[in-house]
Amino acid sequence: MILHNKTLLITGGTSGVGYELVRQLAPHNQILVIARAGPRLDMLERDFPGLQTYAADLSEPAILPGLCQTIVGEHPQIDALINNAAMQFEPCFLDKNFLYASIKQEITLNFTAVCALCYLLLPALLQANSPGRIINVNSGLALAPKTQSAVYCATKAALNSFSQSLNYQLEHTPVRVLQAFLPLVDTPMTEGRGKAKLSVKQAAQAIIRGIERDKTVNDIGKVRLLRLLHNLWPQLAKKIMKGH
């Protein structure tokens, strides 16, 4: 897909990789952003005056049908849906600061909302002038989980399975599902964790290259090595990731 004069919908575009995707794609495309209302969304609108934003909390699934009905009514043709929004809670189940409510929050935002948006926005993707694309921003943790963030790791594994299955369902349509598997990226979500992180600029550039090359599986940075290791020595890959 040539990312020029396209209508692109990005979730979670107010910070981190999402914001950088908006910054790099906005000059030559019509960008729609779904994100929570608040100062960051206000700043995004000031930074990119041509942007169209939809204030919504994607962890509240009841609002999604109405939200998508509004979006499709205003934009009956959408060239690409980039599911980028996600959250990650670090505490383990045994930690005193683990929050029971975080289980539902992570599953809903990281997985349920993605499924819902793919379904509800599919009519607009099918009507696109160019073959529509769904890009699910995933993580290397979908391949091999770490000890912490068990729910987050599970949602990313589920996203991987869902993306493959949905591609099977859509094989006789113009729409395709692509995945970008990110390593640890230097974002507010990963503050204070890990070393040698990929910058948001590098991550966004790699995601965009994958879309332009129509890569169904876009392994970025260290994920390429992780997948190779997981294919050749799965037990070693699991052992390494367990310690992260």
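1. Helix 7 is the main contributor to the nonpolar surface patch, giving three residues. The patch covers about 610 Å² and is made by L225, L228, L232, W233, L236 and I240. Two elements give two or more residues to it: helix 7, residues 223-232, and helix 8, residues 234-242. W233 belongs to neither helix, being found in the loop between helix 7 and helix 8. This is a predicted model, and the points below should be read accordingly.

2. The second largest pocket has a volume of about 150 Å³. Its lining consists of L198, Q202, A206, R209, G210, R213, K215, N218, D219, I220, G221 and R224. Helix 6 (200-212) supplies the largest share, four residues. Strand 7 (217-219) also supplies at least two residues of this lining, as helix 6 does.

3. On the chemistry of that pocket, the lining of the second largest pocket has five charged, four polar and three nonpolar residues. Among the residues lining the pocket are R209, R213, K215, D219 and R224.

4. Three cavities of 30 Å³ or more are present in the structure. The largest cavity has a volume of about 40 Å³. Around the largest cavity lie F89, P91, F93, F98, S102, I103, E106, S149, A150 and V151. Helix 4 and helix 5 are the elements that give two or more residues to this lining, and helix 4 gives the most, with three.

5. What classes of residue make up the lining of the largest cavity? Seven of the residues are nonpolar, two are polar and one is charged. The lining includes the phenylalanines F89, F93 and F98, together with E106.

6. A search of the whole structure for aromatic pairs finds three. One of them is formed by F111 and F162, in an edge-to-face arrangement with 6.0 Å centre to centre and 85 degrees between the planes. The pair links distant parts of the chain, 51 residues apart: F111 is in helix 4 (residues 101-126) and F162 in helix 5 (residues 150-169). Helix 4 and helix 5 are also the elements that give two or more residues to the lining of the largest cavity.

7. Five salt bridges are found in a search of the whole structure. In one salt bridge the side chains of D57 and R36 meet at 3.4 Å, N to O. D57 lies in the loop between strand 3 (52-55) and helix 3 (64-74), and R36 in the loop between strand 2 (30-35) and helix 2 (39-47), so this pair ties together parts that are 21 residues apart in sequence.

8. To summarise the linings: that of the second largest pocket draws its largest share from helix 6 and has five charged residues. The lining of the largest cavity takes the most from helix 4 and has one charged residue. The nonpolar patch takes the most from helix 7.

How values were computed
Residues numbered from 1 in each chain as written. Predicted model: local features only at pLDDT ≥ 70, side-chain atom pairs only at ≥ 80, totals over all residues. Heavy atoms only, no water. Patch = residues over 30% accessible without salt bridge, like charges linked within 9 Å, V, L, I, M, F, W, Y side chains within 5 Å. Areas by Shrake-Rupley, 256 points an atom, 1.4 Å probe, with all protein chains shown as cover. Salt bridge = Lys/Arg side-chain N within 4 Å of Asp/Glu carboxyl O. 1 Å grid on protein atoms, 1.4 Å probe; cavity = no way out; pocket = protein on both sides within 12 Å on 5 of 7 lines; lining within 4 Å. Points joined across faces, edges and corners; volume = space filled by probe spheres on them. Nonpolar A, V, L, I, M, F, W, Y, C, P; charged D, E, K, R; others polar. Phe/Tyr/Trp six-rings, centres within 6.5 Å; stacked < 30°, edge-to-face > 60°.
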